[in-house]
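Trainee: I am new to this structure and would love a close look at a single part of it. Could you walk me through the strands and how they pair?

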Amino acid sequence: MTWNTEESSTALRVLAVDDEKPALDELVYLLSTQPGVGEIHRAGEATGALRLLRAHPIDAVFLDIDMPGLTGMELAGILSEFAEPPAVVFVTAHDDHAVAAFDLGAVDYLLKPLRGARLGEAVRRILAARVSVPTTVVAESAHPSEVIPVELGGVTTLVNRADVAWVEADGDYARLHTGTGSHLVRIPLSALESRWEDAGFLRVHRSYLVALRLVTGLRSAGNATVVCLRAEGAAGAVELPVSRRQVRELKQRLVHGPRQNWSQR
């Protein structure tokens, strides 16, 4: 079944997937109340969702995790291999899969019982990501700079990856440090590590990911090693610890890495 809500060329075409009919009905209804959502498709299991995804253009999938047959995690893994994967938002009663979800590139992770306001945050996050990277930019570069939507007090701020100097683990989330301040995002540091490696970021410590383009040097501090980052924007210079097993890789990346290209990605 397909619902038609907002008629707009920019409205999201979404797919809701849940094997429990009452939960699916509720999800479809709440999606229909969201500004920015257009066509709504629905599927009661992952295999049917795949058929719909092949038959219709879909911008975002709102997906349960615990389903018979193909699980939501497995479906998200398949979607990540698409040439143009839809945004994925998990909607689940389980709070112990968040790290795995963000490792798969999920935009958001919503817990049941679902609230309309919380769903609205996820929709706005998807819409913000869509408009933040123009098509012309993508065509010009194979590695467009990623934009991270950050929610603060109900306001969405777009943080460009190119503006991030270093990232700090903050529990299960990560804190982006830029020249204008810091921003907490619902993405684990491990997910950003794998997504940003080719853009010139390196995990130097279990708690820190740094932009190599800002590294000015290394120095010894007793029996430890610290990496020095130059000032960026309004932020001052900073020194961060480097774990022993990462010192060698950091030195190799600094000596051999194509640093002149990273700031353009």
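**Strands side by side**

Mentor: Happy to! Let us begin with one pair of residues: Thr178 sits across from Gly181 of strand S11. Please keep in mind that what you see is a predicted model. Strand S10, made of residues 173–178, is joined to S11 by five bridges, and the two pair in the antiparallel sense.

Now step back to the sheet around them. S10 and S11 belong to an open sheet of five strands, and reading across it gives the order S11-S10-S9-S13-S12, with antiparallel pairing. At its edges you find strand S11 (181–185) and strand S12 (201–205), and each of these pairs on one side only. On average, neighbouring strands of this sheet are turned by 25° against each other, if direction is ignored.

Further along the chain there is another sheet to look at. Three strands make up this open sheet, in the order S14-S15-S16, and here too the pairing is antiparallel. Strand S14 (215–221) and strand S16 (238–242) each have a single partner strand, so one side of each has no neighbour in the sheet. From one strand to the next, the twist averages 30°.

Let us finish with a closer view of S14 and its partner. Strand S15 covers residues 224–229, and six bridges connect it to S14, the two running antiparallel. If you want a spot to find on your screen, look for Ala221, which stands opposite Ala224 in S15.

Key: Residues numbered from 1 in each chain as written. Predicted model: local features only at pLDDT ≥ 70, side-chain atom pairs only at ≥ 80, totals over all residues. Heavy atoms only, no water. Pairing = 2+ DSSP bridges. Helix = DSSP H or I, 4+ residues; strand = E, 2+ residues; numbered from the N terminus. Axes fitted to C-alpha atoms, helices over the stretch in contact; angles between N-to-C directions.
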